[in-house]
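Here are a few notes on the charged pairs, jotted down as I went through the model. Have the structure open while you read.

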Amino acid sequence: MAKAGSNLNLDGQGNPVWLLLELTYKCPLKCAFCSNPTDLDNHPDELSTNEWKQVIRDARDMGAMQIGFSGGEPTLRKDLEELVAEANGLGYYTNLITSGIGLTRKRLENLKEAGLRHIQLGFQSSNPETAHWLAGVDCYEKKLQMAREIKSLGFPMVLNVPISSVNIHQVPDIINLAADIGVEYLELANVQYYNWALANRDQLMPTRKALEKAEAQVAEARARLDGSMTIFFVIPDYYEGRPKACMNGWGSIHLTIAPDGVVLPCSQARSLPGLDFPSVRDRDLSWIWHQSESFNLYRGDGWMKEPCRSCSEKEKDFGGCRCQAMLLTGDAANPDPACSKSPHHYMVTDAVDRALKIRQHPEKLIARAAGWVPTEV
C-alpha cells in the first residue's frame, strides 16, 4: 500500500485522467444546493483564454483524457467554443456541465462544430414551481427548451437532477420527463452537503422513508424502460453508513482547476483551511500534481487515523471524504463521519435527526448569492 507522499497507481498510472475546468463561479441561477464556495466575492480573477489553453495542453501532456467544462455557469465565458476546440484538437473527450442558461440553438451548433462530445444538463425538478424554489429564478421552460435542442442536435446527454426533500416525491415524474426528452442517462444524485447545500442541510435532507420509496420507484422504472434509459440513483452517504470513495482517492485520477487557476484534487478542497493549493500562475501543473505538499498530504494511507488505518475497506473507500471530515469535525485527517465506524458518526446521525425535527419550508432556503456570510453549522 502506498504511503503519504507517494503516487497512487490507479487508472491514471499516477497521473490525472479526468480534468475539470471550473471556468467561472458566476452563474445566473441561485441554487440552494450549489457546490461552489460560499465566499463568492473572494474569487474574481479568472484565468484568461490563453491561460486556460495552457492548462488544457499541460494536463493532456500528463495523460488526462477527459475534460469537463463547468462552473458556475461555463456558458458565461465567451471563449467556451475556443476552449472546446482546443481540447478537441488535443484528443480529449469533451463534456459540458451546464444549467442550460446561456445556451441557444446557434451556440449549441457552434459547440458541436468545435468538437463538444457530450452535455450534462442540470435540472431542478419536473415541476416549474419547485424548480423556481430550488434555483432561485424562473428557469424551467428555458431548461426544457435547451434539453430538447440538445437532443435534436444529436448530443449524448445526462440529465442531472439533484434530489432533496423538496423534490424527492417527484421522482416518478422526473423519470417520465427524462424519458419524454429522450436522454440516455438520468442521474438522480441526492444532494451532498457542502457549501450552499450544507447551509441548507436542514431543509434539504430527505427522510429515510422517502429515500426508500424513491429507490423502489427507480427500480420499477428501470424494469419498465427495459434499458432505453440508464438511471443512476445516488444515495446520500449520511444514510448509507459507508463513506463514498471520494474521487477514487485524493490526488489519484481527478484534477480540478478553479476559475482563478488554483489547482485542487476536488472542487471542494479549497474549503480546507491551512492548505496552500498552488496556482497554475505560479507553478507548473505537473509539479503541483506530483510534488506539491497539498496533493501529497492525503495520498495513500500513511495519514490515516484509526479505525481507517486498520480497516479492511480502506482500499475501497480511501477513508472517505477529506472535505466532509474537515467541515464536520474540524480535522481533515479524521475518519469521514459518514462512516458508521467513525467515532464522529454521531455528527451525521444527529444532523439527520435535527433536520427531521426542524425542517423549514422550501421558501426559507438560502439562495446562492454573493455577499452572503455563512453562519456556523
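1. Start with a pair inside one helix: Glu220 and Arg224 sit four residues apart in helix α9 (residues 208-225), which puts about one helical turn between them. Bear in mind that this is a predicted model. The two side chains form a salt bridge, with 3.2 Å between the closest N and O atoms. How exposed are the partners? Glu220 comes out partly exposed at 42% relative accessible area, and Arg224 is partly exposed too, at 45%.

2. Next, Asp301 and Lys314, another salt bridge, whose closest N and O atoms are 3.2 Å apart. Asp301 belongs to the loop between α12 (293-296) and α13 (314-317) while Lys314 is in helix α13, so this contact ties together parts 13 residues apart in sequence. Buried or exposed, these two? Both Asp301 and Lys314 are buried.

3. Then there's a shared-partner case: Asp45, Glu51 and Arg281 are joined into one network by salt bridges.

4. Arg105 and Glu149 are worth a click as well: their side chains meet in a salt bridge at 2.6 Å, N to O. This one links distant parts of the chain, with Arg105 in helix α3 (residues 105-114) and Glu149 in helix α5 (residues 140-152), 44 residues apart. Arg105 is partly exposed, its relative accessible area being 33%. Glu149 has 18%, and it counts as buried because the cut-off is under 20%.

5. How many salt bridges are there over the whole structure? The search turns up 18, and the pairs above are among them.

Methods. Residues numbered from 1 in each chain as written. Predicted model: local features only at pLDDT ≥ 70, side-chain atom pairs only at ≥ 80, totals over all residues. Heavy atoms only, no water. Salt bridge = Lys/Arg side-chain N within 4 Å of Asp/Glu carboxyl O. Helix = DSSP H or I, 4+ residues; strand = E, 2+ residues; numbered from the N terminus. Buried < 20%, exposed > 50% of the residue type's maximum accessible area, 1.4 Å probe, protein only.
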